[in-house]
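The following exercises concern backbone angles, burial and aromatic contacts in a predicted model. Each task is followed by a worked solution.

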Amino acid sequence: IAKYPPSYLKLGYLARSRVIFSEALIHVVGQWPTGSNQLRNHVPEAVFDLIEDKAEELAEKQLRTDGKLFRLTLTTPRGERVAPTNSYMDWLALSLFRQWVVESTSPPPPLPPKTPNGNQPSPRTQQQNKPPISPGHLYRLLFSAGPAYLPHDELKRFLKTSKAYGAESSGNPEYRRDELKKFERRMDEVKMMAKEIVRPLMKSYLELDLGREGGGLGLGYLTCTRLEDADFPWE
């Protein structure tokens with residue numbers, strides 16, 4: 001069904017099969033508007049309207065989730081939001097997380113023009129211009145809350161670029177290790193908060209996933225669309 005959801009959606013409707021119809025519709029909604037041309041004028045208007053309504057609901061869920069991710073914040077022991085003036089390293093961790101989310105969801109900038117001698121951009125530049133992560137993969141990475149994104153080595157490289165960190169740690173390896181550990185702990189806190197934010201999107205209503213959280217692993221789209229009894233267009 002996951003390979004040909006529009007075809008199975010039509011089959012499920014014709015057979016009045018709740019299982020096939022709901023399974024296919026979850027895949028269709030997750031990938032919408034991909035597949036719309038295969039369904040437009042090929043399914044009853046009620047079915048097409050149902051797809052659009054569910055796709056709109058899913059898009060609204062994602063918008064609310066994205067808003068929460070960007071409003072995510074850390075606080076100081078006094079309950080203040082972290083800022084460069086009261087907790088610079090914590091503010092750096094939060095800034096790095098937000099930057100990662102932005103870069104993961106934004107298309108890469110255009111490649112620089114060829115040099116006067118006609119050379120192409122360097123492989124390193126091309127490697128940096130990675131395509132954005134699909135929504136499904138992004139939210140599942142966030143739900144993993146582990147080293148699958150922003151791992152130890154990346155945090156270490158980032159921290160080395162901090163002027164404050166470099167100035168304080170010059171000639172003091174023990175200080176560098178302590179600061180890196182604190183930085184990683186704060187990033188772990190950020191990751192755990194992000195995990196809870198995306199948790200509602202990780203609910204899967206696919207029969208093959210048996211409703212497990214984080215279901216649909218490997219898919220580039222979300223499978224948290226739920227059909228109520230009143231949604232089936234033949235009832």
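**Exercise 1.** Determine whether Leu150 is buried or exposed, and describe its backbone.

Solution. Step 1: the relative accessibility of Leu150 is 3%. Step 2: the cut-off for buried is under 20%, so Leu150 counts as buried. Step 3: Leu150 is placed in the loop between helix 7 (135-144) and helix 8 (152-160). Step 4: its phi is near 45 degrees, a positive value in a residue other than glycine. Most residues other than glycine have a negative phi.

**Exercise 2.** Carry out the corresponding analysis for Arg16.

Solution. Step 1: Arg16 lies in the loop between helix 1 and helix 2. Step 2: phi of Arg16 is positive, near 55 degrees. Step 3: because its relative accessibility is 42%, Arg16 counts as partly exposed. Step 4: the charged end of Arg16 sits over the ring of Tyr13, 4.7 Å from the ring centre. Step 5: Tyr13 is in turn linked by ring pairs with Phe21, Phe232 and Trp234 into a cluster.

**Exercise 3.** Establish which residues of helix 1 are buried and where they pack.

Solution. Step 1: within helix 1 (residues 5-15), the buried residues are Pro5, Pro6, Leu9, Gly12 and Tyr13. Step 2: these residues cover an arc of only 120 degrees around the axis and therefore lie on the same side of helix 1. Step 3: their packing partners are helix 2 (18-31), helix 3 (36-39) and helix 4 (45-71).

**Exercise 4.** Identify the peptide bond that joins Trp32 and Pro33.

Solution. Step 1: omega is about 10 degrees, and the bond is cis. Step 2: Pro33 belongs to the loop between helix 2 and helix 3.

Terms used. Residues numbered from 1 in each chain as written. Predicted model: local features only at pLDDT ≥ 70, side-chain atom pairs only at ≥ 80, totals over all residues. Heavy atoms only, no water. Buried < 20%, exposed > 50% of the residue type's maximum accessible area, 1.4 Å probe, protein only. Helix = DSSP H or I, 4+ residues; strand = E, 2+ residues; numbered from the N terminus. Arc of directions from axis to C-beta. Contact = heavy atoms within 4.5 Å. Phe/Tyr/Trp six-rings, centres within 6.5 Å; stacked < 30°, edge-to-face > 60°. Lys NZ or Arg CZ within 6 Å of the ring centre and 35° of its normal.
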